[in-house]
Amino acid sequence: MKLLLFSAMLLIATSISAQEITKTTKDTLKPKVTTLDEVTVTIKKKFIKVDSDKTTVAVKDNAMLNSGTSLEAVKKLPGVITSPTGSITLNGKGVAIYIDGAPSTLSGTDLQNYLNSLPANAIEKVELIYNPGAAYDANASGSIINIVTSSKKMKGINASFNINYNFNKYQKPSPQILLNGKSKNLSWQTMLGYNYIDSESRTTNKQSFTAFNPIKTLNQENFAVNTNRNLYFRGGTNYKLSKMSNLLFNYNGTFSNDRSVFDATTIGDNIDYYNKGITKTKNNNHEISLQYKTKLDTIGTTFDVTAFGNQFDKKPLTSSNAVDNTSNTNSFNNGTIDFKLSNYYLKYDFNFPFEKQKFSISTGGKFNGLQVKDNGSYFLNAAIPNNITFDYKENNIAFYAEARKKIKKFSFTAGLRYENFNVERITNTVANKVEYKNNNFFPNLSAIYEVNDNVNISASYSKKINQPNYNNLDPNNSSSFDQYNTSQGNLFLNPTFLDNYEFKISAFQFVQVGMNYTASKDNNLFVYSADANATTPISNQTFQQFEHFNTFSAYANFPIPLDYFLKGKDEFKKRMNDMDKMNYIFFNINYIKSDIKGYVFPYSNKAIWNYAAQAQFILPWEIKNSITYYILPSGNWQIYKVTKPIQEFDISFNRDFMNKKLKIGLHCFDVFNSNQINALIAGQNLETNFRQKQDSRNFRISLTYNFGNLKLQKENTNIETEKVKIGGGLVK
């Protein structure tokens with residue numbers, strides 16, 4: 001209670017100060033420049049803002065988040081937890097990744113590589129949307145993380161140059177330049193950058209094959225040195241056709257050339273196997289968006305039309321040689337894969353406000369087509385290749401309507417979305433194509449009660465679907481195999497249907513306490529399994545369906561105003577007007593427990609906790625010290641048992657020079673080199689003790705230089721499209 005009281009005092013002071021500044025500004029400036037009021041008073045001073053339906057975290061000017069990649073920034077957000085399999089959740093629920101309001105078409109490592117190519121300092125803010133409504137795709141799993149990129153357009157030409165130089169035993173430079181400008185009715189922005197990142201990872205599996213009598217064991221280790229090189233370009237324009245309408249165009253391109261050099265060993269009964277090789281991959285991703293936005297009247301009625309196209313291709317080439325030390329015979333393993341993804345859609349959105357009735361309604365529709373082709377050719381101790389083809393087609397038609405009504409202190413939202421899915425999965429490893437067709441309605445309901453100006457209580461429900469993504473379905477194993485390992489998707493996975501319930505109390509735009517419950521049917525999870533009829537022990541990485549999977553989570557986020565204790569009440573009140581000068585710690589606590597019907601755990605089903613803290617300290621000479629720490633103690637995460645805590649401690653020092661035009665930062669990530677995953681995974685006929693350690697301890701020097709006229713007002717020219725995704729853009 002004392003912590004919450006101090007938090008309340010902190011946030012009440014913030015609210016009073018903001019109201020006083022806003023009132024003074026309105027009395028002295030003309031109404032036509034009120035945009036400056038909002039930028040100066042509201043946006044600039046808050047790094048975290050908690051609303052009833054979402055939490056917004058500022059990134060670009062937040063020293064704790066803005067020096068690395070967008071994936072690094074996302075993993076440090078309050079309530080975000082990375083599971084032992086690498087997937088991302090928000091307060092215990094599955095997550096769909098959105099970029100500028102649009103769900104990603106990519107999944108798995110393809111999406112991770114994409115997020116690693118987008119620098120965090122290009123992100124304006126990140127929105128954590130806990131229970132998305134009917135306006136969002138039903139294929140949005142349980143929650144959404146929306147990454148909103150920078151959209152500042154200034155008169156003339158303005159630029160920002162940034163370089164992150166990362167190093168440990170490897171060198172990892174990442175330079176970048178942003179240009180933006182405005183001339184008459186045309187605003188534009190471009191971003192060009194390059195990443196060269198060397199890293200290493202070590203994975204160890206101790207596996208017991210229970211179908212054999214006696215049980216056979218394998219001890220496997222894989223050490224890989226990875227080189228990721230990518231060039232990216234993001235460009236956007238906004239042309240004002242009139243005072244009421246805009247035409248927006250966006251192009252995003254990423255071009256990657258990656259390499260992995262690996263050594264793998266397998267030790268078991270009469271088995272001493274050694275395998276090494278090089279995997280090279282070239283990826284190209286192109287996204288084009290065209291959007292027309294118009295206001296139909298002066299009361300806020302709007303109409304938007306968006307056309308979008310996405311092309312992604314991946315061409316790995318693996319060349320690997322192995323020597324079986326037991327038989328002293330050469331083992332040859334190589335493969336080539338030709339992967340292509342094409343996605344397009346057309347959508348429209350209407351919004352009708354009725355201010356006098358405190359009522360609004362929005363409606364829209366969308367049609368999209370998605371196609372994935374993946375052809376693999378593999379050699380394994382044979383001169384004749386094994387060819388595997390995979391074709392995935394999805395057509396989707398959707399319509400929605402959502403209404404909002406305010407009655408005194410209550411605000412209600414009710415929505416309904418109709419989704420028609422037509423899915424085909426074809427491969428030469430199965431005689432008949434696998435089809436999935438259905439029509440479903442996806443309702444959402446929410447209610448908010450405003451206790452006072454600073455506290456509200458909310459409850460919500462939504463029904464969602466999660467289509468299996470190509471990473472889960474594709475039988476091609478990307479050449480990740482040898483005599484004792486295979487990796488393949490499961491072509492017969494069903495979509496997952498989810499019912500999401502949430503209850504939350506939000507206070508003072510910083511504090512929230514809540515709980516959510518998700519009941520899902522046919523949930524798809526990553527497992528290691530083995531064939532009971534095999535004559536030799538072979539481990540297979542794949543995805544398995546679980547008929548009923550329920551998750552309960554509770555969470556709390558709150559700040560501690562250190563200045564109240566360290567500087568006294570008077571100085572505390574002064575600093576409340578500028579969060580950049582505040583000393584504080586922001587805590588996040590999560591409790592998560594999963595219940596799987598029809599699945600017997602080989603170990604006790606213990607709930608898991610997650611603790612995270614972000615702190616800011618203002619040091620002498622205007623040096624800003626940022627510290628983050630999180631720990632996931634031992635416990636059960638879904639079907640995985642975490643046997644040792646997963647934790648990381650990061651620290652950074654930042655200072656501004658030349659009237660904030662030059663920013664320099666020194667950072668150290670995973671200071672104690674303790675971030676590693678140790679988990680037990682129980683699959684069919686196979687128990688796996690899994691350990692993975694990456695070179696997570698890194699040092700970074702970051703430098704940003706801004707030049708141009710940075711004092712003009714911000715013009716919002718975001719291109720808020722809604723790209724269709726495959727598999728919800730899940731990071732796995």
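Modeller: In this predicted model, contact means that heavy atoms lie within 4.5 Å of each other.

Biologist: With that meaning of contact, and leaving aside neighbours within four places in sequence, which residues is Gln220 in contact with?

Modeller: Gln220 belongs to strand S12, which covers residues 216-240. Leaving aside its neighbours within four places in sequence, the residues in contact with Gln220 are Thr203, Thr204, Asn205, Gln207, Thr265, Thr266, Tyr484, Asn485 and Ser539.

Biologist: Is Gln220 buried or exposed?

Modeller: A residue counts as buried when its relative accessible area is under 20%. Because the relative accessibility of Gln220 is 8%, this residue counts as buried.

Biologist: At what distance does the side chain of Gln220 make a polar contact with the side chain of Asn485?

Modeller: The side chain of Gln220 makes a polar contact with the side chain of Thr266 at 3.2 Å. With the side chain of Asn485, the Gln220 side chain also makes a polar contact, and here the distance is 2.5 Å.

Biologist: How many residues apart are Lys366 and Asp137, whose side chains meet in a salt bridge?

Modeller: The N to O distance in this salt bridge between Lys366 and Asp137 is 2.7 Å. Lys366 sits in strand S17, whereas Asp137 sits in the loop between strand S7 and strand S8, and the pair links distant parts of the chain, 229 residues apart.

Biologist: Which residues are joined into one network by salt bridges that share partners?

Modeller: Both Lys366 and Asp137 are buried. Through salt bridges that share partners, one network joins Asp137, Lys366, Arg417 and Glu419.

How values were computed: Residues are numbered from 1 along each chain as its sequence is written. This is a predicted model: local features need pLDDT of at least 70, side-chain atom pairs count only at pLDDT 80 or more; totals for chains, interfaces and linings use all residues. Side-chain values use heavy atoms; hydrogens and water are left out. Helices (H or I, at least four residues) and strands (E, at least two) are DSSP runs, numbered from the N terminus. Buried means under 20% relative accessible area, exposed over 50%, partly exposed in between (1.4 Å probe, protein chains only). A polar contact is a pair of N or O atoms within 3.5 Å; within protein, one must be able to donate a hydrogen and the other to accept it, and residues adjacent in sequence count only if both atoms are side-chain atoms. A salt bridge is a side-chain nitrogen of Lys or Arg within 4 Å of a carboxyl oxygen of Asp or Glu.
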